[in-house]
Amino acid sequence: MNPSATRAARLLTRQRLIGTLNTSNSCLAQRTCSPFLRPSSITATRTIITATKLEAVPISPVPKQPAPKDNETKSQDESSGFKRFSQFDLTGKVFIVTGGAQGLGLEMAEALAEAGAKVYCLDHAEQPNSTIWSQALKRVPTTHGGSLHYREQDVQDTSHLDELVASIATENNRLDGVVAAAGVQQITPAMDYKPHDVARMLAINYTGVFMTASSAARQMYKLKTPGSIVLIASISGLVANKGLISPVYNSSKAAVIQLARNLAMEWSRKQEDGTGEIRVNCISPGHILTPMVRKNFEEVPGLREKWEAENMMGRLAETREFRGVVQFLASDASSFMTGGNLVVDGGHIAWQCRRGMGEGEVDWEMEEVITMEDMVNFP
Ligand SMILES: NC(=O)c1ccc[n+]([C@@H]2O[C@H](COP(=O)([O-])OP(=O)(O)OC[C@H]3O[C@@H](n4cnc5c(N)ncnc54)[C@H](O)[C@@H]3O)[C@@H](O)[C@H]2O)c1
């Protein structure tokens, strides 16, 4: 590299690193550049930043951890051993799935029922399509105690939604979780979007998901039932999804991913009174062949081929490929997972990760070693 290029690379690296250290929500920044910490020498290398000497370190209060008894997990005998896949067993549990009349929602409802749960599918049609629904009922094995039930519910009607969730919980004297899958898609360039279309999409894709989760959590707190809430986001909430000109859908899914982290922060910890212990996670699927996506293909010629080419597997997903994913998140198999986002996309965004790096992240591939002194002296 010539000297001016080397200099430019050094400046860029410093700017990035300073940006990183100034980013208020960066863990590294908090650890190394808090006003209370006075590092006399901080060295950034390719993979680590270390403080070699720290003076006068007032430590901020650490949140109180629950007593050890509250941290106990199920004994080995209780949770595994005698039965295959016992951690995935949902026998006797009750779940609600919104958007459960078709597509991904119905497939995930079937999967929960297959694992033994009683599952209520909520959707805005008065009745589900009779052919689709009867086929789904046939696929649910009655031998494991699981079952599927349908209730009409538009997630935009949040007060009725709250009443319905409460009545399901009361009727069963429990609610073990919810899968918020109701969602709509609209392909429209940003400059053509009308405010009422933005409002409608957010009312379903964001507020509907939020209110579904909070109605469920309210009942789970009331009945002191720990459990799992799964929000269906999308890779479109993580990257600008090539070929999907759908700015409101994409940003609504980004909001859902952030929502999951915040709900997890509020509800995951078990409280002294026995409430809490509700895990909240997202699933971010890549492109799946569902009625929603088939409609996109009708609207945009060539879109299917484009999407197939955009992931490492060179194909779209089938809904059945999400059965195990939801069984994992809804069950004890994921008992230490909360605030997470499970990306299931055939490698779609793995290709884009390095390009998608945000401001607060360090490009660790930069070979240069930069000292704190370098950064302070930087003009
Ligand atoms: N198909 C994909 O490629 C893909 C990818 C990522 C994420 N997702 C998400 O998965 C979820 C399911 O999508 P899908 O592809 O199965 O679509 P789909 O259209 O087949 O199913 C969506 C369901 O939501 C229901 N719904 C819509 N508005 C509703 C409302 N107001 N109240 C209640 N129910 C309502 C629909 O009736 C339908 O049954 C959505 O949240 C979607 O954004 C889908």
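Modeller: Two strands count as paired here if DSSP finds at least two bridges between them; strands (E, at least two residues) and helices (H or I, at least four) are DSSP runs numbered from the N terminus. Happily, the residue numbers are simple too: they start from 1 along each chain as its sequence is written. Please bear in mind that this is a predicted model, where local features need pLDDT of at least 70, side-chain atom pairs count only at pLDDT 80 or more, and totals for chains, interfaces and linings use all residues.

Biologist: Thanks! In what order do the 7 strands of the open sheet run?

Modeller: The pairing in this sheet is parallel. S5 (147-152) and S9 (341-344) stand at its edges with a single partner strand each, so one side of each has no neighbour in the sheet. Read across, the order is S5-S4-S3-S6-S7-S8-S9.

Biologist: Which residue of S6 stands opposite Val97?

Modeller: Val97 belongs to S3, a strand that spans residues 94-98. S3 pairs in the parallel sense with S6 (residues 177-180) over 4 bridges. Opposite Val97 stands Val179.

Biologist: And which residue of S4 stands opposite Ile96?

Modeller: S3 also pairs with S4 (residues 118-123), again in the parallel sense, over 5 bridges. Opposite Ile96 we find Tyr120.

Biologist: How many of the 5 residues of S3 are buried?

Modeller: A residue is buried if 20 or more other C-beta atoms, placed from the backbone, lie within 10 Å of its own (12 or fewer: exposed; in between: partly exposed). Val94, Ile96 and Thr98 are buried on one side, and Phe95 and Val97 on the other, so both faces are covered. Side chains in a regular strand alternate between the two faces of the sheet. S3 is largely enclosed by the rest of the structure, because the number of its residues that are buried is 5.

Biologist: Over how many bridges do S7 and S8 pair?

Modeller: S7 covers residues 227-232 and S8 covers residues 278-285, and they pair in the parallel sense. One of the partnerships joins Val230 to Asn281 in S8. The count of bridges is 6.

Biologist: Lastly, which helices each supply at least two residues of the shell around the ligand?

Modeller: The shell has 26 residues (C-beta, placed from the backbone, within 6 Å of the ligand), and Gly99, Gly103, Gly183, Thr290 and Met292 are the closest. Two helices fit your description: one spans 103-114 and the other 291-299. They are H5 and H10.
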